[in-house]
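Hi,

Here is the structure I promised to pass on to you. Please open it alongside this email, and I will take you through what turned up.

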Amino acid sequence: MSHSFYELTPEQVTAWFADRGHPPYRARQVMAGVYRRGVSDFAQMTDLPAALRAELAREFDLRPVTPDRVVQTSDTTKLLLSLPAGGQVECVRIAMDGAFTACVSSQIGCAVNCAFCATGHGGYERSLTPGEILAQVLAINRLGPGVRNVVFMGMGEPFHNYANVVSAVRRMVSPDLLALSPRRITVSTAGVVPAIHRYAEEGLATELAVSLNASTDEQRRQLMPGVARYPLAQLMEACQHFSAAHHGRPVTFAYVLIEGVNDTFDDAERLARLLKHQPHHLNLIPLNRVTHSALRAPAYPRLRAFLQACRRHKLNVSLRHSKGEDIEAACGQLRAERAGPAVSTNAKAARSQRSG
Ligand code: SF4
């Protein structure tokens with residue numbers, strides 16, 4: 001049985017061509033065709049000798065992952081993809097500042113089980129391979145101009161799928177594959193402390209985003225039980241390690257504001273203490289309505305007051321509104337709908353609540 005071309009690293013592609021006596025430029029030609037031009041059938045690579053096209057087609061599966069469902073608004077397109085190995089995954093194309101951003105998933109489901117998230121509520125199924133992560137970017141690129149930015153803010157906790165996410169990032173920045181600038185890739189974590197320390201030393205110059213959402217360990221235990229074993233003090237140490245290893249680069253912290261849970265002036269003061277020694281940008285995000293829970297966003301005056309309190313504490317802070325909440329672009333929602341009515345009531349959760 002042929003195996004997926006998308007699972008190969010550039011080194012493996014190069015080795016395959018070398019083993020068969022083909023010149024190295026042929027490997028680069030094929031990788032550019034697949035990843036830059038979006039070719040999804042070796043027969044279309046007419047700049048290759050016919051015998052080589054046939055050999056590639058015998059050896060590798062190049063079928064693209066195509067969307068089962070597409071939901072679109074003026075600036076956001078959400079795709080539900082069925083993966084050949086089984087399972088469905090969501091990704092989103094977001095138009096912003098004249099360029100496109102791909103918001104990709106790293107897992108089907110998620111074990112962090114955030115109180116405000118449809119994906120977490122649906123449970124964990126499996127982690128995605130590097131090829132399945134890249135396939136989301138390629139599926140989005142087929143919609144039009146290629147994406148310039150990638151954010152790992154879809155379904156799943158990227159650092160619970162560490163090796164495959166790092167491998168996918170390496171392929172995204174590889175000049176032979178997607179050739180994206182590392183600065184235009186953001187890996188977002190709920191706060192898996194050992195993985196943040198490890199990622200700090202990977203030599204990958206991407207951005208790091210952390211879903212903070214709480215100013216005390218008790219709040220985090222309630223809101224994000226799957227990462228509650230890592231106290232905030234340790235989380236901050238890990239973030240400082242990342243910044244120190246990247247010449248003082250700020251970490252983006254997402255803070256979903258929830259009425260009566262984490263929206264007091266004391267919370268703002270505690271946040272200021274937590275972030276005092278940490279290069280940061282803090283994004284405040286009003287909670288999207290989650291129908292499986294009673295949690296809700298604070299009213300607008302409260303949001304403004306919280307923002308101003310953060311500013312008084314000299315935090316580098318913005319109040320964000322999610323893109324895509326009007327098109328059910330919350331992570332896990334399209335998939336939940338396909339799973340049937342029992343789960344579909346979990347709609348409107350929190351892709352955007354991961355986002356910065
Ligand atoms: S918000 Fe992110 S980390 Fe939390 S359950 Fe949802 S997908 Fe997982």
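To begin with a small puzzle: does Gln278 count as buried, exposed or partly exposed, going by its C-beta neighbours inside 10 Å? The count is 18, and a residue needs 20 or more to be buried and 12 or fewer to be exposed, so Gln278 comes out as partly exposed. Please keep in mind throughout that this is a predicted model.

**The whole protein**

The protein has 14 helices and 14 strands. Of its 356 residues, 47% are buried. If you take the contacts with a separation of 6 or more, 68% of them are between residues 24 or more positions apart.

**Around Gln278**

Gln278 sits in the loop that links α10 (265–275) with β13 (280–286). Leaving out residues up to four places away in sequence, Gln278 touches Met236, Cys239, Gln240, Ser243 and Val251. One of these, Gln240, is 38 residues away along the chain, yet the two C-alpha atoms are 5.9 Å apart.

Ser243 is worth a look as well. This serine belongs to helix α9, and it also counts as partly exposed because it has 18 C-beta neighbours inside 10 Å. Beyond its neighbours within four places in sequence, Ser243 contacts Gly248, Arg249, Pro250, Val251, Gln278 and Pro279. From Ser243 to His280 there are 37 residues in sequence, and their C-alpha atoms are 9.1 Å apart.

**The sheet**

The strand that follows the Gln278 loop, β13, is mostly covered, with 5 of its 7 residues buried. Its partner β12 (residues 251–257) runs parallel to β13, and 7 bridges join the two. If you would like a residue pair to find on screen, Phe253 stands opposite Leu282 in β13.

Both strands belong to an open sheet of 10 strands with mixed pairing, in the order β3-β4-β5-β6-β9-β10-β11-β12-β13-β14. Which strands stand at the edges? They are β3 (67–72) and β14 (317–319); each has a single partner strand, so one side of each has no neighbour in the sheet. On average, neighbouring strands of this sheet are turned by 20 degrees against each other, ignoring direction.

For an antiparallel pair in the sheet, look at β4 (residues 76–82) and β5 (residues 88–96), which are joined by 7 bridges. Here Ser82 has Gln88 in β5 as its bridge partner.

**Helices**

Helix α5 lies across β3, β4, β5, β6 (99–103) and β9 (149–152), and it runs at about 50 degrees to β5. α5 (residues 130–141) also packs with α6 (residues 162–173): their axes are 8 Å apart, at an angle of about 45 degrees. That angle is why the two helices, α5 and α6, are described as oblique to each other. The crossing of α5 past α6 is right-handed. On the α5 side the contact involves Pro130, Ile133 and Leu134, and these meet Asn164, Val165, Ser167, Ala168 and Arg171 in α6. By class, the residues of this contact are 5 nonpolar, 2 polar and 1 charged.

A second helix pair is α7 (residues 193–200) with α9 (residues 232–245), whose axes come within 8 Å and cross at roughly 10 degrees. α7 and α9 are therefore roughly parallel to each other. In α7, the residues Val193, Ile196, His197, Tyr199 and Ala200 meet Gln234, Leu235, Ala238, Cys239, His241, Phe242 and Ala245 in α9. The contact of α7 with α9 has 9 nonpolar and 3 polar residues, and no charged ones.

**Two backbone details**

Most residues other than glycine have a negative phi. Asn113 has a positive phi of about 60 degrees, although it is not a glycine. This asparagine is in the loop between β7 (107–109) and α4 (118–122), and it counts as buried because it has 20 C-beta neighbours inside 10 Å.

Lys314, another residue other than glycine, has a positive phi near 65 degrees. Its place is in the loop between α11 (300–312) and β14. Is Lys314 buried or exposed? It has 10 C-beta neighbours inside 10 Å, so Lys314 counts as exposed.

Enjoy looking around, and best wishes.

Note on methods
Residues are numbered from 1 along each chain as its sequence is written. This is a predicted model: local features need pLDDT of at least 70, side-chain atom pairs count only at pLDDT 80 or more; totals for chains, interfaces and linings use all residues. Axes are lines fitted to C-alpha atoms, for helices over the stretch in contact, and angles run from 0 to 180 degrees between N-to-C directions. Helices (H or I, at least four residues) and strands (E, at least two) are DSSP runs, numbered from the N terminus. Angles under 35 degrees count as roughly parallel, over 145 as roughly antiparallel, 65 to 115 as roughly perpendicular and the rest as oblique. A crossing is left-handed if the near helix is turned anticlockwise from the far one by less than a right angle, and right-handed if clockwise. Two residues are in contact if their C-beta atoms, placed from the backbone, lie within 7 Å. Ala, Val, Leu, Ile, Met, Phe, Trp, Tyr, Cys and Pro count as nonpolar, Asp, Glu, Lys and Arg as charged, and the others, Gly among them, as polar. Two strands pair if DSSP finds at least two bridges between them.
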